[in-house]
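Open the structure in your viewer and get ready to select a few things by residue number. We will go step by step, and you can pause at any stop.

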Amino acid sequence: MRIGLACPYTWDVPGGVQVHVRDLAVNLMRMGHEVSVITPVDDEDRLPPYAVSAGKAMSVPYNGSVTRILFGPVSASRVRRWVREGDFDVVHAHEPTAPSVSLLACLAASGPLVATYHTSNPRSRILTVLQGPLQLALEKVWANIAVSEAARRTIVEHLGVDAVLVPNGVDVSVFAEATPLIDLASPAPTIVFVGRIDEPRKGLEVLLEALPMVAAAIPDVRLLVAGPGEVAEVTAGIDPLVRQHVQMLGLVSDADKPRLFRTADVYVAPNTGQESFGIVLLEAMAARTPVIASDIDAFRRVLDDGRSGRLFANGDPVHLAAVLIEVLRSKELRDELAEAGWKVVQQYDWSTVATEIVQVYETVTEDPGLR
């Protein structure tokens, strides 16, 4: 099958949608399919052989964050050419509600078209304002996929369309077989955070507020913080009494991220909202690292209501500190959480997820009466 994947966000800037599209492309090719990806990119030299540049994107506020997207006559022309020359059996547009490449792909496509929705945003102003124009483009979609119930609920409420649930995937073996980072090895109890450090909804501030309480109970605790953002600004806001417990790592490569999880005694996801899934939780679970997360809906679902990881009250540093102390003090509890997470993550392996997505492709390409 010839498959065209449209990615709305800049390829060489870290993000969950970009990783999803990349991993899906790789796994589809492993299955024997021909795949081409079109995407915004800042440095075309960083594109893999199967990807095509739609041009450089610009930064705009979107869904409580700042994202890089691309929309205009030049990019539209490139997308139309990609669709025409690709002669795809199916075009798969990711996050087509963002004003970027995936929406352009929907407008350009004339055959089987699948859309995947990643975002949870029940009060989206963009979707409310653009509901009419978006519906004209999305009426061309033959099948919809949502990565989570929260994402499905968002498009039902704003666009009046339903979707089949196919979760994000993770290459379980990559994380399971990783070795700890030698230069970060330490006998000290180690907490890891991964995410944009200066984006409030990622919740690093909540974790930093909990840290003094954790350090009072576990004096040698350390926190490794990985992710892009203004390091100096975040560091200046850390309580001076615990600043020595925090190590800012900056942006960690895809190759080192599994090793970072393996270096941790516990992974903490203190995100405060607007998360539709929680792929980073699955990555930690695949590395057999116990997970502590805020009790937002997306994380609660991934952690099976707290059975495969510990939950704490969203935005509550006191509760987070209590859970961290309990988990860090008990190796038996950490082992139990790691084993429970390992069992859950198997169902999210890309070998399973890619097969489910291909089944959607087969539905739209094999049923001429679908439209």
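This tour visits a sheet, a helix, a loop and some aromatic rings. Keep in mind along the way that the model is predicted.

**Stop 1: the sheet**

Start with cartoon view and find the open sheet of six strands, whose order is β12-β11-β10-β13-β14-β15. Its pairing is parallel. A little background helps here: strands of a sheet pair through backbone hydrogen bonds, either parallel or antiparallel. Now colour residues 246-250 (β12) and 310-312 (β15): these are the edge strands, and each pairs on one side only. On average, neighbouring strands of this sheet are turned by 25° against each other, ignoring direction.

**Stop 2: one pair of strands**

Next, select residues 190-194, strand β10, together with residues 222-226, strand β11. How many bridges join β10 and β11? There are five, in the parallel sense. Show T190 as sticks, and you will find R222 of β11 standing opposite.

**Stop 3: a helix across the sheet**

Select residues 279-286 to bring up helix α11. This helix lies across β10, β13 (266-269) and β14 (291-294). Follow α11 and β14 from start to end: α11 runs at about 165° to β14.

**Stop 4: a glycine in a loop**

Now pick G306, in the loop between α12 (297-302) and β15. Is G306 buried or partly exposed? Its relative accessible area is 25%, so G306 counts as partly exposed. If you like, draw a distance line from the C-alpha atom of G306 to that of E230: the two are 32 Å apart, with their positions 76 residues apart along the chain.

**Stop 5: aromatic rings**

The whole structure holds five aromatic pairs. For one of them, show W82 and F88: the ring centres are 4.8 Å apart and the planes meet at 50°, so this pair is tilted. W82 is buried, at 6% relative accessible area, and F88 is buried too, at 15%.

Move on to F175 and F261, a tilted pair with 6.2 Å from centre to centre and 40° between the planes. F175 belongs to helix α7 (residues 172-176) and F261 to helix α10 (residues 257-263), so the pair ties together parts 86 residues apart in sequence. Both F175 and F261 are buried. Add Y267 to your selection, and you have one aromatic cluster of F175, F261 and Y267.

**Stop 6: a charge over a ring**

Finish with R288 and W342. The charged end of R288 sits over the ring of W342, 3.9 Å from the ring's centre.

Notes. Residues are numbered from 1 along each chain as its sequence is written. This is a predicted model: local features need pLDDT of at least 70, side-chain atom pairs count only at pLDDT 80 or more; totals for chains, interfaces and linings use all residues. Side-chain values use heavy atoms; hydrogens and water are left out. Two strands pair if DSSP finds at least two bridges between them. Helices (H or I, at least four residues) and strands (E, at least two) are DSSP runs, numbered from the N terminus. Axes are lines fitted to C-alpha atoms, for helices over the stretch in contact, and angles run from 0 to 180 degrees between N-to-C directions. Contact means heavy atoms within 4.5 Å. Buried means under 20% relative accessible area, exposed over 50%, partly exposed in between (1.4 Å probe, protein chains only). Rings of Phe, Tyr and Trp (its six-membered ring) pair if their centres lie within 6.5 Å; planes under 30 degrees apart count as stacked, over 60 as edge-to-face and the rest as tilted. A charge sits over a ring if NZ of Lys or CZ of Arg is within 6 Å of the ring centre and within 35 degrees of the ring normal.
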